[in-house]
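Reader: I would like to understand how the words used for a protein model are justified. Could we go through them one by one?

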Amino acid sequence: MRCDHCLLEIPEREAVREEIGGAPRAFCCSGCAGVYRLIVGEGLDRFYEGRRWEEPGLAATPGGADPEAFAPLVREVSGGERELDLCIDGIRCASCVWLAERVLGRTPGVAAARVNYATHRARVRFRPAEVDLAAVLRRIESIGYAPRPWSESEQGRAREAERRDLLLRLGTAGFLASQLMIYSAALYAGYFQGIEPSLQRLLEWIALGLTLPVVFYAGAPFLRAAWAGLRHGRFNMDSLIALGALASLALSLAQMARGGEVYFDTAAMIVALILTGRYLEASAKGRASEAVARLHRLAPRQARRVSVGEGGLRRREQVPVEAVRPGDLLEVAPGERIALDGEVQEGTSEVDESLLTGEARPVAKGPGAAVIGGTVNQQGSLLLRVTRVGEETVLAGIARAVEEAQARKPRLQAVADRVVGVFVPLVLLLAVATVAGWLWAGASPARALMHGVAVVVIACPCALGLATPLAVLVATGRATARGLLLRGGDVLERLAAVDEMWLDKTGTLTRGRPALRQVWALDGGPTEPHLRLAAAVERRSEHHVGRAIAAAERALPEVPEPALEGFRALPGRGVEARVEGRPVRLGNRALLAEAGLSLPPEADARARALEGRGETVVFLADGARVAALLSVTDPVREEAGEALARLRAQGLALGLVTGDNRATAAAVAGGLGLERVAAETSPAGKRALVEERQRAGARVAAVGDGINDAPLLSQAHVGLAMGRGTDVALESADAVLVREDLRLLPEAVALSRRATRVIRQNVFWAFFYNAVAIPLAVAGLLHPIVAAAAMAASSLFVVGNSMRIRSGG
């Protein structure tokens, strides 16, 4: 008798019996009975119809997870929500993933839940005001699974252990198969030239002894997977391998009993050759995934924390990075790796960010500069205040995004997956038909069976299964190494197809570090009061122009900040707030028009003259009057001209879209040779522009960095964000330029086109190989050993072709 939930064998007298859903049920314990009641009560009993468990699971043991162990893995995300990464033990099939996602998704307060079947990693986003961490863990335990903290190091050790196990099996198969070939050569010579029966029997027994470990130890992963599928009526690639090896072994045993020819070498070589291909595939995947591993290794384990005591005395202590909290002070000596994200408080130095951003030149850092955890301090000593820790750091976010990118499938892979699902049963039917056809044609059973084995082995769709995921792994790893973060394999496919690109101006085509050039008071009075008033509002803004105004005010003598309330950012127009009780607005002409404020002719003429030189003019309205003009200049990036020329050479039509005025936009576009310009465009207008171009048949990519660019990036076929852009822009983008170099744009297009071309070549080769090889096997022109070698070679072709992406081939 088996437990109706976990399938554990139980004596009848010890079974816990209950009637659930009008039917009698038996369970190994009350925990499993409770889980079964919950699943049926939630209306999720489809789980029991669709599950594909290879072996019995553990009985439910709720209450074992300690929320404190998971607390460091929880991070703040947008909208006041939190996100948790954890590992779910006990997942044994796709139905387990389905059940876990459905139950978590139905939990009040849980916004989203995704479970990765391959790694058992779950990502749960929840609202802490509605559900706490302990409740999320209890919910997972309530359906019989065990949550545990996610650890990248543990997963790395597991992957390495799997690779070593594969290498051990391959070594065993290779050594024994090579010995077997010696005895097989002697047997084949004896079949043609004659051999003593006693010597033939001895050689056959030796060959059998060498074959059994190869098939049943080295080939155990194939046999287990095939058996699990057979029990549940499923056939996969391993089914073909197992069937080919076992059929060759069984035929050889039968022939050995009746004194005929044996084919033990066929069974052994099938396993050895397939293992060779699998091991090389695993090694290639490991190399392709090394970008993520390298990112994880960048994070130091220790940090030097500084605390200030009485009299300003500083005390230093080495602490684990897990013990550091936002706001703590850390000291970084020359040559040390910066432990966490922060802001420099004291000292000047240069920081090597190359491993993270791909930028070869060190970046100068001084007080107020942001630094990224994992980068290397080169020259001076720095004292920094920590701003982000744990999973909130830039390094953790990049690693997380790369992992997600490697998991997201392009459309071509979805097609390949569907083909594999129907291909295996068809091959098995074809193999049976081949055996029957040869028997009907008068061939001996041994010969007919060998032809059927050749069909099974040659048709194994390993190359088709590898065609896309390996290319995606290699391409995303290559992109990360260059400082380009892709959020999914599907991004490669979409970016390769774009024929038009629209770029934002401020912070994208320009350096994004504007400087205040001048302040002009409309009444002719002193400008300092106007600058202080503008900075009081702009200090709360994330916009580059606002930061330039605030930075200029910091150079003035320090005075108390005025009382400010009701700050509001108005994307595409400016900002507003109440300062000392009176309304203050800073922005463009659209903001003035919205507020019903008129601009004197002299001020308008002065503003247009400044805009004609490519400067951005901000209008300061104090109460019901326009009080001052603030002129901000932001130089165009040095590499912009080269990057745009390379994009044009790739066949892309280019355009500039900005919320800035027409005169400034035209000045910048003219200097870069951009003929299409959309100026004074609101965020909704940017989105409408892309929609219009898409309706005209264009496949549009968009590049931006600010809050007002988020709708543009979301609407485009592919949205690319500058790495130091706002969080909203980064969340809306499909790709991020971690290294803020516009030359990455043509590199990204070239990489995506190369990767898509390789994927298509791989898929074509997989189909072409089967289309040619299967008829040859049916016709009896391929021996099973040759078929196994050809199948392994097809997989190796896919591996080698995919690895060309790394070298730009």
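Reader: Among contacts in the protein chain between residues at least 6 apart in sequence, what percentage join residues at least 24 apart?

Author: In this predicted model, 68% of those contacts in the protein chain join residues at least 24 apart. A contact here means heavy atoms within 4.5 Å.

Reader: What makes helix H18 count as mostly covered?

Author: A residue is called buried if its relative accessible area is under 20%, and in helix H18, which spans residues 489-497, 7 of the 9 residues are buried. Among the buried ones are Gly489, Asp490 and Val491, together with Leu492 and Leu495. For the protein chain, with its 809 residues, the share that counts as buried is 51%.

Reader: How do you know that strand S12 and S15 pair?

Author: Two strands pair if at least two bridges are found between them, and 2 bridges join strand S12, residues 349-352, to S15, so the pair meets that requirement. The two strands run antiparallel, and Val351 has Asn377 in S15 as its bridge partner.

Reader: Why are S13 and S15 called edge strands?

Author: The open sheet has 3 strands in the order S13-S12-S15, with antiparallel pairing. Strand S13 (363-365) and strand S15 (376-377) each pair on one side only, and pairing requires at least two bridges between strands.

Reader: How many helices and strands does the protein chain have?

Author: The secondary structure of the protein chain comes to 30 helices and 29 strands.

Notes. Residues are numbered from 1 along each chain as its sequence is written. This is a predicted model: local features need pLDDT of at least 70, side-chain atom pairs count only at pLDDT 80 or more; totals for chains, interfaces and linings use all residues. Side-chain values use heavy atoms; hydrogens and water are left out. Buried means under 20% relative accessible area, exposed over 50%, partly exposed in between (1.4 Å probe, protein chains only). Helices (H or I, at least four residues) and strands (E, at least two) are DSSP runs, numbered from the N terminus.
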